[in-house]
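Notebook open, structure loaded. I want to look up how the strands pair, what fills the core, where the cavities are and which backbone spots look odd.

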Amino acid sequence: MSVAIAGAAECDLGQTGKSVLELQSQAVTRALADAGLPLSEVDGLATNGIARFSATQLADYLGLQPAWSDSSFAGGAVFEMYVARAAQAIEAGQCRTVVISFASNQRSARSRTLTGVVEEGTPEASFEAPYRPLYPLSYYAMTAQRYLHTYGLTRADLAAVAVAARAKAQLNPAAWTYGKGPLTVAEVLSAPMISTPLGALDCCLVTDGGGAIVLTSAERARDLPRMPVTVLGYGEALTHTGMATAPDLLRTGAEAAAARAFARAALTPADIDVVQLYDSFTISVPLGMEALGFAKPGEGLHATVPHNTSGGGLAYCHPGQLGVLLLVEAVRQLRQVPGARTALVHGTGGIFSSHATVILGVDR
């Protein structure tokens, strides 16, 4: 038995004034409506970021008593990890209909801080905390500095990622920067410096938002209203928890996660029509495209496969964790773009610490 995504949707985005549970409810009910399924059909639930027991909290709020749940936390990669676990649960007969959802009201609640979360209880923190890094920004900044130095590039080269993200967002009415016009390299370079070499416009947005997807067996999904998007493969990798223990700033766990997903799907990067990858900072895109196999080292800025078509975390929406919205966008692209048959979705968590890749496909 294979597993497919039967529904996908966003909740309200931007600055909503709504609570996390309100946004979660929107995401879940809209995704179920997209799938043509009632809430009563849901017997599996995966989410986090609500409370200490997030899946229990959401299930109770929605009036559900699921047979399977997951509320693991692994940063932005966890939603792609949820896809693997949900597929395994459905194939094992633990449940029939799984909703994976996430929402955050971080902009309305003003809950995001520049310093982020520093895990002082971990051994690695003793080597980092005295220098007061901006977590996780300072790690990405170190990686960007190393990347530009190694490959003879400049901040202007990296700024092109933000410019491209804004251009895509101008085609997406749901994007935070929709209607704000194009961005120029000069504007990116003149934005306030946050952690060298990354300025304010090299960093992801801070918005409310989220989304949900609905998974069920591929056989069942074929009888539902929307084109089913089949889960073809998945893979994940964990590497390090602290900046001081990263094996190599320019090699990430994305390589291993993608290799495992490609092997399971019996596909290669040449078979992929569209890519959605977590772009928390501008450096994430070229480094990610290289690790995933779509460009050689140092050439990620010139990858030609369509990617981050919504505008991504840099220009569309960044509710703290982007992973579920990457899945929503991949589903939309496969449904709507003539000739598109396969999509790769890659989530990243922490300081390039956790990685998960999902490969999706449709029959046309």
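**Entry 1: strand β11**

I started at A343 and looked for its bridge partner in β11, which turned out to be L360. This is a predicted model, so I keep that in mind for everything below. I then followed the pairing along: β10 and β11 run antiparallel and are joined by 8 bridges. The two strands form a hairpin with 4 residues between them, and in that hairpin G350 takes a positive phi near 65 degrees.

Next I checked which other strand pairs with β11. Strand β8 (residues 229–238) does, in the antiparallel sense, over 8 bridges. My marker for that pairing is E236, whose bridge partner in β11 is A356.

Is β11 buried or exposed? I found 8 of the 8 residues of the strand (residues 354–361) buried, so β11 is largely enclosed by the rest of the structure. In a regular strand, side chains alternate between the two faces of the sheet, which made me sort the residues by side. S354, A356, V358 and L360 are on one side, H355, T357, I359 and G361 are on the other, and all of them are buried.

**Entry 2: the nonpolar core**

L360 came up again when I looked at the core. The largest nonpolar core has 71 residues, and those touching the most other members are I100, I213, L215, V275, F294 and L360. Helix α3 (residues 78–91) gives this core its largest share, 10 residues. Nonpolar side chains tend to be buried together in soluble globular proteins.

I picked I100 for a closer look. Setting aside its neighbours within four places in sequence, I listed its contacts as A46, F79, Y82, V83, A86, G211, A212, I213, L215 and V324. Apart from this core I noted another one, of 25 residues, with A4, A31, V99 and A218 among them.

**Entry 3: cavities**

How many cavities of 30 Å³ or more are there? My search of the whole structure gave 2.

The largest has a volume of about 60 Å³. Its lining is T252, A254, L277, Y278, S284, G288, H346, T348, F352 and H355. The elements giving two or more residues to that lining are α11 (284–291) and β10 (342–349). I sorted the lining by class and got 4 nonpolar, 6 polar and no charged residues. H355, part of this lining, is one of the buried β11 residues from my first entry.

The second largest cavity holds about 40 Å³ of space. I wrote down its lining as Q276, L277, N308, S310, G312, Y316, L322, L325, L326 and E329. Both β9 (274–277) and α13 (323–336) supply at least two of these residues, and α13 has the largest share, with 3. By class, this lining comes out at 5 nonpolar, 4 polar and 1 charged.

**Entry 4: backbone oddities**

I went through the peptide bonds for cis cases. Y135 to P136 is cis, with omega near 5 degrees, and P136 sits in the loop between α5 (125–128) and α6 (137–151). T196 to P197 is cis as well, with omega near 10 degrees; P197 is in the loop between β5 (193–195) and β6 (198–199).

Then I looked for positive phi outside glycine. R132 has phi near 50 degrees and lies in the loop between α5 and α6. At 71% relative accessibility, R132 counts as exposed. A266 has a phi of about 55 degrees and lies in the loop between α10 (254–265) and β9. A266 also counts as exposed, at 67% relative accessibility.

Key
Residues numbered from 1 in each chain as written. Predicted model: local features only at pLDDT ≥ 70, side-chain atom pairs only at ≥ 80, totals over all residues. Heavy atoms only, no water. Core = buried A, V, L, I, M, F, W, Y, C linked by side-chain atoms within 4.5 Å. Buried < 20%, exposed > 50% of the residue type's maximum accessible area, 1.4 Å probe, protein only. Contact = heavy atoms within 4.5 Å. 1 Å grid on protein atoms, 1.4 Å probe; cavity = no way out; pocket = protein on both sides within 12 Å on 5 of 7 lines; lining within 4 Å. Points joined across faces, edges and corners; volume = space filled by probe spheres on them. Nonpolar A, V, L, I, M, F, W, Y, C, P; charged D, E, K, R; others polar. Pairing = 2+ DSSP bridges.
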